[in-house]
Amino acid sequence: MHRPLSQLPGLRTPGASAPGPWLGANFWSRAGGPRMWREFDPGLVRRELAVLAEHGLRYTRSFFTWPEFMPAPDRVDEQLCGRFAAFLDLHTETGLTTTPTLIVGHMSGENTDPDWRDGRDLYQDVWLVARQAYFAGEMARRFAGHPAVAGWVLSNEMPLYGGDGEREHVASWAQLLIDALRAGGATQPVTIGDGAWGLEVSGHDNGFRLADAARLCDFLGPHCYPMGDDQVRQHYTAAWVCELSGSFGRPVLLEEFGVTSDFVSEENAAHFHRQVLHNSLLAGASGWGIWNNTDFDGLEHQDPYRHHAFELHFGLTDAQGEPKPRLLEVARFAEVLERVNFAGLRRTPAETALVVSSYLDTKYPFTDKLDGPFIFDTLRQAYISTRLADLPVAIARESNGIEAGAKLYLVPSTKQLLTPTWHQLADLAEGGATVYVSYTGGTHMNQRGPWYANINRLFGVRHQLRYGLLEPVAEDGPVFTFTKAFGQFAAGEQVRFPAGSGGGRGMLPVEPVEAEVVAVDAEGRPALLVRRLGAGTVVLCTYPIEQLAAATPAVNPEPTREIYEALARIAGVERPVVVEDPRVAADVLTHADGANWAWLVSQADHELTVKPVLGKGWRLGEAVGSDDAVDDQGAVTLGPFGVAVVKLEREGA
């Protein structure tokens, strides 16, 4: 199945010989921060831009502070517009471009309004929407023709400024602002600036739908600042968000991510940036914007930093303009993109599909608002297990229709699918696919239980559930004992899964009818069953192993990875590069010119040496953009949380 890596148009930076990737930073000058337009220092701004360019960055995201740039409903501030024009000229001088952001009422933990807004609704009030469109048109008329303008962003985290809205109002607001940009002469790509925090990703409906953004915009721009309790989930959350965003057919620019030095050491900040950059690339992102370019010591008495002190220290450089270790990581990533000729890269096709329930992205009657966030968390954990199992995986949104063509369909810890989808999964198995489903009744009390079309017939079992009750999971977590060979597991082998926490820790008691039991739990009850169906197979896991892992701190890597590896073997899924160490994920990107590049990403906090298993006829070639070594025996040494990018070569070539 296709795994999108829909690339943004090549970024044409002044003075560059060829278009390049969208790799940049969100920009405020050290002189003033968000008040930089009042305290504009061209010499300092030039130095700040130059240090970004010297480290391989190609663009900034810049911000019109709306209350300052539009002091009256029918007027823009010409002095500030003049300073922004000078700012654009400085980009041209330093070889950078920028994406101006229009309606900036929210910034770093504070909302500020034009004096004349007077509480009017930003999405519904026709007069206020017209004022915003007026501003968009005026900025386009002034700056769209400048060579430093690479694209446009409608707003900055608009749900935090305008609040949640109704879908039709938000989409109409976006349409009118985009129309005003185009009428003003803007031909560059445009995106909304909402952060991709809406229903299709988070399960929370704020009115900003990715389906609408994909129809209206040229690219999608997630913002991702995860808080968590597991190191590996921290490293993969942005990638998971990019996967979900990329399933709408538009290029994905990870528009904002970053960390404050107040929350993380400089060494660990560098690790985090390295992991997010590479994992999101492998997840289909084709652009990156780090928050932000610099620290702001000296602005401690200025809002928002007066009340959000940690916002002072997100910089790629410190308050003296010196590069922090994270900027060096970005520079190394830029080198990798250049060495592998990023513009021609494609993801290898996937033979595994991860099914995303439409209960994440669709509002059905009399369902619970907790279902969507639960789906996000459990599927993120399942996604991590596919990554650590070295499985190229495609996102299959139920709401878009699940495509045929995969060898393996994963339906992990899923409470709800539409009735026709369960029948479709049976048909896919009949046609030769392997369909894996792990049970959950959900985590809340609203109709707790499996919303399956026909659980007994689909899986060849007779379930023994009791109405309204849970069949509890053992306090120390389930242990599976294999009664028969299953993938790489031999009869007699055991696997222990995490115990999880919170509500919904229940298993599915069943008796086999047409299914074969391949693993039992500690009480001898069926834990893993296989039913042959037509030319294919249906596999039922009676425990919500992904749900349990998702609710367990510091759990990864965990044994779901091994179950997925076994499923891949049973389904005949090919894995281009395999690393046996569960702490290292492997994936391959291919280039239009025929070159193949293997990525090895370590989740270990210390140095590791691994020997990847390659497909027949392949060997490891040169490593790029990294100090990690490849020896004569094909072993690769990875530093703490290290990433190696290695060319794959044909033996004898």
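A cavity is a set of grid points where a 1.4 Å probe fits but cannot get out, and its lining residues are those with an atom within 4 Å of a point. The close-up views below are all drawn from a predicted model.

**View A. The largest cavity and its lining in the predicted model.** Four cavities of 30 Å³ or more are held by the structure, and the largest of them encloses about 100 Å³ of space. Its lining is made up of Val-355, Ser-357, Asp-371, Phe-374, Ile-375, Thr-378, Leu-379, Pro-412, Ser-413, Thr-414, Lys-415 and Gln-416. Two or more lining residues come from each of helix 12 (371-388) and strand 12 (408-414), and helix 12 makes the greatest contribution, with five residues. By residue class, the lining of the largest cavity separates into five nonpolar, five polar and two charged residues.

**View B. The second largest cavity, with helix 9 in its lining.** The volume of the second largest cavity is about 60 Å³, and the residues around this space are Pro-4, Ser-6, Cys-242, Glu-243, Gly-246, Arg-250, Pro-251, Val-252, Ala-283, Gly-284, Ala-285 and Arg-347. Helix 9 provides the largest share of this lining, namely three residues. The classes represented in the lining of the second largest cavity are six nonpolar, three polar and three charged residues.

**View C. The largest pocket and the residues nearest its centre.** The largest pocket contains about 650 Å³ of space and has a lining of 30 residues, among which Tyr-225, Met-227, Gly-258, Val-259 and Phe-314 lie nearest the centre. Helix 9 (231-246) and helix 10 (266-282) each contribute at least two residues to the lining of this pocket, while helix 9 also appears in the lining of the second largest cavity of View B. Taken by class, the pocket lining consists of 14 nonpolar, 13 polar and three charged residues.

**View D. The open sheet of nine strands.** With mixed pairing, the strands of this open sheet follow the order 11-10-12-13-22-21-20-16-17. Strand 11 (393-397) and strand 17 (494-496) stand at the edges and have a single partner strand each, so one side of each is left without a neighbour in the sheet. On average, and with direction ignored, neighbouring strands of the sheet are turned by 25 degrees against each other. Strand 10 (residues 352-356) pairs with strand 12 in the parallel sense over three bridges, and Ala-353 has Tyr-409 in strand 12 as its bridge partner.

**View E. Arg-525 in the loop between strand 20 and strand 21.** The loop that holds Arg-525 runs between strand 20 (516-520) and strand 21 (526-533). Arg-525 counts as buried because its relative accessible area is 17%, under the 20% limit that the term requires. Leaving aside residues up to four places away in sequence, Arg-525 touches Glu-471, Pro-472, Met-507, Ala-519, Val-520 and Tyr-543.

**View F. Val-579 and its contacts.** Val-579 is located in the loop between strand 23 (577-578) and strand 24 (584-591), and this residue is buried, with a relative accessible area of 1%. With residues up to four places away in sequence not counted, Val-579 touches Asp-390, Arg-561, Val-584, Ala-586, Leu-600, Val-610 and Pro-612. From C-alpha to C-alpha, Val-579 and Val-610 are 7.0 Å apart in space, although 31 residues apart in sequence.

Technical notes: Residues numbered from 1 in each chain as written. Predicted model: local features only at pLDDT ≥ 70, side-chain atom pairs only at ≥ 80, totals over all residues. Heavy atoms only, no water. 1 Å grid on protein atoms, 1.4 Å probe; cavity = no way out; pocket = protein on both sides within 12 Å on 5 of 7 lines; lining within 4 Å. Points joined across faces, edges and corners; volume = space filled by probe spheres on them. Helix = DSSP H or I, 4+ residues; strand = E, 2+ residues; numbered from the N terminus. Nonpolar A, V, L, I, M, F, W, Y, C, P; charged D, E, K, R; others polar. Buried < 20%, exposed > 50% of the residue type's maximum accessible area, 1.4 Å probe, protein only. Contact = heavy atoms within 4.5 Å. Pairing = 2+ DSSP bridges. Axes fitted to C-alpha atoms, helices over the stretch in contact; angles between N-to-C directions.
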